[in-house]
Amino acid sequence: SLAGKVALVTGSTSGIGLAMIRALAGAGADVALHGFGDHATIASLQDQLRSEHQVNVFYSDADLRQPSQIKRLVDSVADKLGGVHIVCNNAGIQHVSPVESFPEDKWDDIIAVCLSSTFHTTKAAVPYMLKHGWGRIINTGSMHALVASPYKSAYNAAKHGVAGFTKTVALELARKNITCNAICPGYVLTDLVRNQLKDTAMARGIPEEQVINEVMLADQPTRQFVKPEDLAAMVLHLCGPHSSSITGACISVDGGWTAR
Ligand code: NAD
């Protein structure tokens, strides 16, 4: 059980992060919900987490492109929930474009949200973890932390950066009962992918179904989307009683994507 532990999941108002925060609350952790979205939906999500799992819930819409907001986010979580034991650096954005026309502002935003925010939350959270004598840092990587696909230069650079950062932090904290790992999913059918689906279907003039089967899942050997719940289960394992030797790892949950 994670009762008495506090977990922050960035980008948990949607997709993979939402599944992670549900699982952590389900295991008894007090949780910090974070990300953008419709106010009424987020309010009912908070109520649902509280009433279903009897845990404390904090919410923040801190913009991860702003380092000062990230520091304030982590300190507020510690202040309101009594510590920071688990941080899932999960928020991410995507933009698909050839490198020669890749917009500078998209490059900057992707590096900021996918990579730099992981540094800023970790930097702010580690002092709390050291004080607790226990910590778990779990970064959402991607198959694109390990291999590349064309037209995703910013995303692939950021995610490869996350892999390097993960290993470094793991080494620094190896004697401190704090682990740092990356979970590297293949394609998961979340909003992030639904948006690409629409754009790709339009760009190629083919139905979305065909984009799923012939473009997206063509390189995912299982030909199935990874389920957000499968990634959430990996988070629980990395926080569980048999996790202390797993550190500095990039754990692929990608339907075999990186096996070839
Ligand atoms: P999603 O779009 O459903 O969720 C993204 C979350 O990040 C949302 O909560 C959003 O509000 C938040 N966010 C985005 N920009 C933000 C900002 N500037 N400040 C604060 N919050 C911000 O996407 P998802 O598919 O659940 O992605 C989660 C993570 O998984 C990302 O890191 C993504 O790169 C990674 N990933 C996704 C897939 C996939 O196929 N969906 C595959 C591999 C890796």
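**Exercise 1. Decide whether Asn177 is buried, exposed or partly exposed in this predicted model, and describe its backbone.**

Solution. Begin with the neighbour count: Asn177 has 14 C-beta neighbours inside 10 Å. A residue is called buried when 20 or more other C-beta atoms lie within 10 Å of its own, and exposed when there are 12 or fewer, so Asn177 counts as partly exposed. Next, place the residue in the chain, where Asn177 is found in the loop between α5 and β6 (178-185). Finally, consider the backbone: most residues other than glycine have a negative phi. The phi of Asn177, in contrast, is near 65°, a positive value in a residue other than glycine.

**Exercise 2. Carry out the analysis of exposure, location and phi for Tyr151.**

Solution. The location comes first, and Tyr151 lies in the loop between β5 (135-140) and α5 (153-172). For its surroundings, 14 other C-beta atoms are found within 10 Å, so Tyr151 is partly exposed. As for the backbone, the phi of Tyr151 is near 70°, which is a positive value in a residue other than glycine.

**Exercise 3. Classify Pro103 and Ser76 by exposure, and relate each of them to a residue distant in sequence.**

Solution. Pro103 has its place in the loop between β4 (86-89) and α4. With 11 other C-beta atoms within 10 Å, Pro103 is exposed. Along the chain, Pro103 and Ala154 are 51 residues apart, while their C-alpha atoms are 10.0 Å apart in space.

Turning to Ser76, this residue is found in helix α3 (residues 67-81), and its 15 other C-beta atoms within 10 Å make it partly exposed. Ser76 and Thr247 are 171 residues apart along the chain, and a distance of 27 Å separates their C-alpha atoms.

**Exercise 4. Determine how strands β1 and β2 are paired, and whether their faces are buried or exposed.**

Solution. The pairing is established by bridges: four of them join strand β1 (residues 6-9) to β2, and the two strands run parallel. Among the partners, Leu8 is bridged to Ala32 in β2, and Val9 has Leu33 as its bridge partner in that strand.

The faces are considered next, with the reminder that in a regular strand the side chains alternate between the two faces of the sheet. In β1, Val6 and Leu8 lie on one side and Ala7 and Val9 on the other, and all of these residues are buried, so that both faces are covered. In β2, Asp30, Ala32 and His34 point one way, Val31 and Leu33 point the other way, and all are buried. Since five of the five residues of β2 (residues 30-34) are buried, this strand is largely enclosed by the rest of the structure.

**Exercise 5. Explain where the ligand lies with respect to the domains, and characterise the shell around the ligand.**

Solution. The chain is divided into domain 1 (6-186 + 227-254) and domain 2 (188-225). The contact between these domains takes 10 residues from domain 1 and seven residues from domain 2. On the side of domain 1 that touches domain 2, the residues divide into four nonpolar, five polar and one charged. The centres of the two domains, taken over C-alpha atoms, are separated by 25 Å.

The ligand can now be placed, because both domain 1 and domain 2 give residues to the shell around the ligand, and the ligand therefore lies between them. In total, 27 residues surround the ligand, the closest being Gly11, Gly15, Gly35, Gly92 and Thr190. The shell divides into 12 nonpolar, 12 polar and three charged residues. At least two residues of the shell are supplied by each of the helices α1 (15-26), α4 (104-132) and α6 (191-204).

**Exercise 6. Assess how the radius of gyration of the chain agrees with that of a compact globule, and add an account of the overall fold.**

Solution. For 260 residues, a compact globule would have a radius of gyration near 18 Å, and the chain agrees with this because its own value is 18 Å. Along its principal axes, the C-alpha trace spans about 55 × 40 × 35 Å. The chain has eight helices and seven strands, and buried residues make up 42% of its 260 residues. Among contacts between residues at least 6 apart in sequence, 73% join residues at least 24 apart.

Definitions and conventions. Residues numbered from 1 in each chain as written. Predicted model: local features only at pLDDT ≥ 70, side-chain atom pairs only at ≥ 80, totals over all residues. Near = placed C-beta within 6 Å. Helix = DSSP H or I, 4+ residues; strand = E, 2+ residues; numbered from the N terminus. Nonpolar A, V, L, I, M, F, W, Y, C, P; charged D, E, K, R; others polar. Domains from an automatic or database assignment. Contact = placed C-beta atoms within 7 Å. Rg over C-alpha atoms; globule rule 2.2 N^0.38 Å. Pairing = 2+ DSSP bridges.
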